Amino acid sequence: TDHFWVSPQISLADVDTAKAEGVTMIVNNRPDGEEPDAPQHADIAAAAEAAGLAYLALPVTGAGFSAPQVDALADAIAAQKAAGGRILAYCRSGNRSTLLWSLASARAGGNPVSIAAKAAAAGYDITPVRPMVDALAAAHDD
């Protein structure tokens, strides 16, 4: 979206590039140690701080997504959007970041069809979490 971008694993140099592109917050959805040669949480956090960017670690493991993760991302999206900021979320491929975004968007009242279409336009399929997207969107409408 205009306010939320996803990416595969970023490098430390990508932090400055993201800032130059208008990113104001980086969200790390990758657990430390998943790929030992990749920059880890502390590395990206330090680079974000040095660049003057907000940073949020919400690592997603094979256990799936938790309600606190969805809530935290929804809150971060709302805050950054209200401030005119942009979020860059990353994981190994961008898929977990997209799935978590879809859940957070539904929790915030997004339309599931629109959410799925935006993800698909970016090359991601939210089918694995679509029932939860529908449930979160319906709960928001109640």
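Analyst: Hi! One term before we start: a residue is buried when its relative accessible area is under 20%, exposed when it is over 50%, and partly exposed in between, using a 1.4 Å probe and protein chains only. The model is predicted, so local features need a pLDDT of at least 70 and side-chain atom pairs count only at pLDDT 80 or more, while totals for chains, interfaces and linings use all residues. Residues are numbered from 1 along each chain as its sequence is written, and side-chain values use heavy atoms, with hydrogens and water left out.

User: Cool. Which residues of helix H5 are buried?

Analyst: In H5, residues 112-121, the buried ones are Pro112, Ile115, Ala116 and Ala119. The names come from DSSP runs numbered from the N terminus: helices are H or I runs of at least four residues, and strands are E runs of at least two.

User: And where do these buried residues sit around the axis of H5?

Analyst: They line one face of the helix, because they fall within an arc of 95 degrees when you look down the axis. That arc is taken from the directions from the helix axis to the C-beta atoms. As a general rule, an α-helix has 3.6 residues a turn, so residues three or four places apart point the same way.

User: What does the face of H5 turned away from the buried side carry?

Analyst: Over there you find the exposed residues Val113 and Ala121. The buried residues of H5 pack against H4 and helix H6 (130-141), where contact means heavy atoms within 4.5 Å.

User: What caps the N-terminal end of H5?

Analyst: Asparagine 111 does, with a side-chain oxygen 2.7 Å from the backbone nitrogen of valine 113. That is a polar contact: a pair of N or O atoms within 3.5 Å, where within protein one must be able to donate a hydrogen and the other to accept it, and residues adjacent in sequence count only if both atoms are side-chain atoms. After H5 comes glycine 123, with a positive phi near 95 degrees.

User: Let's try another helix. Which residues are buried in H2?

Analyst: H2 covers residues 41-51, and Ile44, Ala45, Ala47, Ala48 and Ala51 are buried there. They cover an arc of only 165 degrees around the axis, so they are on the same side of H2. The face turned away from that buried side has the exposed residues Ala42, Glu49 and Ala50.

User: What do the buried residues of H2 pack against?

Analyst: Their partners are helix H1 (12-20), strand S2 (23-28), strand S3 (54-57) and strand S4 (86-90). Just after H2, glycine 52 has a positive phi of about 80 degrees.

User: New topic: how many aromatic pairs does the structure hold?

Analyst: One. Phenylalanine 4 and tryptophan 101 are stacked, 6.4 Å centre to centre with 25 degrees between the planes. Rings of Phe, Tyr and Trp (its six-membered ring) pair if their centres lie within 6.5 Å, and planes under 30 degrees apart count as stacked, over 60 as edge-to-face and the rest as tilted. The pair joins distant parts of the chain, 97 residues apart: phenylalanine 4 is in strand S1 (residues 4-7) and tryptophan 101 is in helix H4 (residues 95-107).

User: How many salt bridges are there?

Analyst: Six. A salt bridge is a side-chain nitrogen of Lys or Arg within 4 Å of a carboxyl oxygen of Asp or Glu. Arginine 30 makes one with glutamate 34, the closest N and O atoms being 2.5 Å apart, and another with glutamate 35 at 3.2 Å, N to O.

User: Is arginine 30 buried or exposed?

Analyst: Arginine 30 counts as buried, because its relative accessibility is 6%. Glutamate 34, at 34%, counts as partly exposed.

User: Last one: which residues touch the most other members of the largest nonpolar core?

Analyst: Leu73 and Ile126, out of 26 residues. H4 gives the most to this core, with six residues. A nonpolar core is a set of buried Ala, Val, Leu, Ile, Met, Phe, Trp, Tyr and Cys residues joined through side-chain atoms within 4.5 Å. Leaving out residues up to four places away in sequence, leucine 73 touches Phe4, Val27, Leu58, Leu100, Trp101 and Ala104.
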